[in-house]
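Work through the exercises below with the sequence and the model at hand. Try each task before reading its solution.

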Amino acid sequence: MSLPKEHTAETKRLLKKIPKDKIAKWLLEEGYYPEQYIIPPCFRVKKFDLKTSPYFAVDNTIPGQPKFEPEKEDLLNISFPKTTLTDRTFGIIAPKIYHDIVWYLIDNWETILKSLFKTNNKIHSYSFPIPITSKNEGELGNLRAGRMIYEFLEMGENDLVSEAYNYKYVLKSDIKNFYPSIYTHSIAWAIHTKEVIRKKGNRSNFNDYVGLILDKLFQYSNDGCTNGIAIGPAISDLIAEIILSAVDTECSKILTEKGIDFIGVRFKDDYRFLCQSKQDANLIIKTLQKQMSFFNLTLNESKSQVQELPEGLFREWTAEYQTYSLRYKKKIGYKRFESSFRGTLKVDKKYEGTGVVDRFLSELYTKKRELKFNFKDKDLLKAISLLLMLKERRNKSFPQILGIIEKIIEQNKGKVRINSKISLTIEKLLTEKLKSIDDNQYDLLWLIYFLKSLNLTTIPFPKKINSQLLKSLQRNSLEFFKPIPTDIKLFDTIKKPGSNINLLEHLAIFKNEIDE
């Protein structure tokens, strides 16, 4: 048995040991908001229980004519620039609809499991979104992002490398604009097959086909749109796995019938195949593209490539970054910091879109979230300036940069000059961002939370703010999806300095249970 096949079998085994109520609790509480670098820690689920019945049930008033009409809602979106020309947009789903998606998933859990783990599927997923672990069978962790990174590394730098000696080529491809392209009707196709759903009388049979209910709920979470599902919620990741499992299974069947020798793995929408020839690679990619088209999905041709092994197995930037790495340094002086900073920029320029900036930032502090800096006061201010410039190279790094600055403030209590300089720097940045609120929502969310949680300045809020997320920070209360059921708590008020969660703790991908 190949390592990827063993991985799938182990994932299924561990998942079956988790009670359904624990899965529901995790999906509702840990999976509701996007991952921690998207929005500040005050946006946190404090209470969200699975009810005994859904908010929106199938209406069987007229015999033989079931109806299902949930309330129509809009997604609450938050975007940040992915490149200079494109944004990455995450979505938050209205709580009643989110609850019901979880309710129907759990109520039909055996059907969902069969859709996720199909016997004939030979393309193995390493992106199961629920954090199961062999260290604590029967329990779930809360390491959402951490588990995803672990799974990606396990796939690319362990299992695939271990199996590569038997093959000559590696094929890489991914899906173009994946989550925004998901056709909600394909949810039912993936669970029950398109042929079954399209049979006369089945298209509105909400009593027998849960996929139709999930289709409708995802539509109505997004103002009735059938194209696209929210990026960020854990239930979106679960639905994506169901859809791609159907694609993968059909591809596996066709490639097996053609006698193609391959090992296929997938992390979310990122595919990798080991194969014996370029001809086999071309056949694999054509088969994958054809099956994608049945689900209204398209492969990204510009990112599809075939490489001769061992080339293509490794992330090249990691080797080049080693020269500049601070990972094993317990303390660093300013000159070493600046040298590593320059090296990071060099690697980032050569390998755009990698995680080298995040890696550099994470190496500036220890596992216990203590800074490694051994700087003079004037050098601290220079370091802050450089870190804020680094944000322009990778927008998602901004919260981590603010977390490091927060730690600098904490470790320099009583040094009025340093703290007043930091306050002035952040205030200037805030003033600049407030000139165009709609274009800077992501930055403003983190800046305002940072300033309010540390009580560094009085924030000059403009009279009119369209963003419900920013309004929530301004008023220190939940200002979206109102009225919200009283038994659902989705906001944690910003408290006085010292009483809020430390940003580096909030952003920690691997919590203490893995750090130790």
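**Exercise 1. Place T11 and its surroundings.**
Which backbone oxygen lies 2.9 Å from a polar atom of the side chain of T11?

Solution.
Step 1. The backbone oxygen is that of H7, 2.9 Å from a polar side-chain atom of T11. Such a pair fits the definition of a polar contact: N or O atoms within 3.5 Å, where within protein one must be able to donate a hydrogen and the other to accept it, and residues adjacent in sequence count only if both atoms are side-chain atoms.
Step 2. Before going on, note that the model is predicted: local features need pLDDT of at least 70, side-chain atom pairs count only at pLDDT 80 or more, and totals for chains, interfaces and linings use all residues. Residues are numbered from 1 along each chain as its sequence is written, and side-chain values use heavy atoms, with hydrogens and water left out.
Step 3. T11 belongs to helix α1, residues 3-16. Helices (H or I, at least four residues) and strands (E, at least two) are DSSP runs, numbered from the N terminus.
Step 4. With a relative accessibility of 7%, T11 is classed as buried. The classes are buried under 20% relative accessible area, exposed over 50% and partly exposed in between, with a 1.4 Å probe and protein chains only.
Step 5. Apart from neighbours within four places in sequence, T11 contacts F117, F128 and I132; contact means heavy atoms within 4.5 Å.

**Exercise 2. Describe the five-stranded sheet.**
Give the strand order, find the edges, and list the helices that lie on the sheet.

Solution.
Step 1. The order is β3-β5-β6-β4-β7, in an open sheet with mixed pairing. Two strands pair if DSSP finds at least two bridges between them.
Step 2. The edge strands are β3 (123-125) and β7 (305-308); each has a single partner strand, so one side of each lacks a neighbour in the sheet.
Step 3. On average, neighbouring strands are turned by 20° against each other, direction ignored.
Step 4. β5 (residues 262-267) and β6 (residues 270-275) are antiparallel and paired over six bridges. Opposite R266 stands Y271 in β6.
Step 5. Helix α10 (residues 234-257) packs on the sheet and touches β3, β5 and β6, with its direction at about 170° to that of β5. Axes are lines fitted to C-alpha atoms, for helices over the stretch in contact, and angles run from 0 to 180 degrees between N-to-C directions.
Step 6. Helix α11 (residues 278-293) lies across β4 (169-174), β5, β6 and β7, at about 145° to β6.

**Exercise 3. Inspect the backbone.**
Where are the cis peptide bonds that join L309 to P310 and K482 to P483, and where are the positive phi values of D223 and K268?

Solution.
Step 1. Recall the general background: most residues other than glycine have a negative phi, and most peptide bonds are trans.
Step 2. The cis bond between L309 and P310 has omega of about 5°, and P310 sits in the loop between β7 and α12 (316-321).
Step 3. The cis bond from K482 to P483 has omega near -5°; P483 is in the loop between α19 (468-475) and α20 (503-507).
Step 4. D223 has phi near 60°, lies in the loop between α9 (210-221) and α10, and is partly exposed at 44% relative accessibility.
Step 5. K268 has phi near 55°, lies in the loop between β5 and β6, and is partly exposed at 21% relative accessibility.

**Exercise 4. Relate A164 to P310.**
How many residues apart along the chain are A164 and P310, and what separates their C-alpha atoms?

Solution.
Step 1. They are 146 residues apart along the chain, and their C-alpha atoms are separated by 7.7 Å.
Step 2. A164 is in the loop between α5 (144-163) and β4.
Step 3. A164 has a relative accessible area of 7% and is buried.
Step 4. Beyond neighbours within four places in sequence, A164 contacts L274, L309 and L313.

**Exercise 5. Analyse a helix pair.**
At what angle do α17 and α18 pack?

Solution.
Step 1. α17 (residues 416-433) and α18 (residues 441-454) pack at about 145°, their axes 10 Å apart.
Step 2. α17 contributes I426, L429, L430 and K433 to the contact, and α18 contributes D443, L444, L447, I448, F450 and L451.
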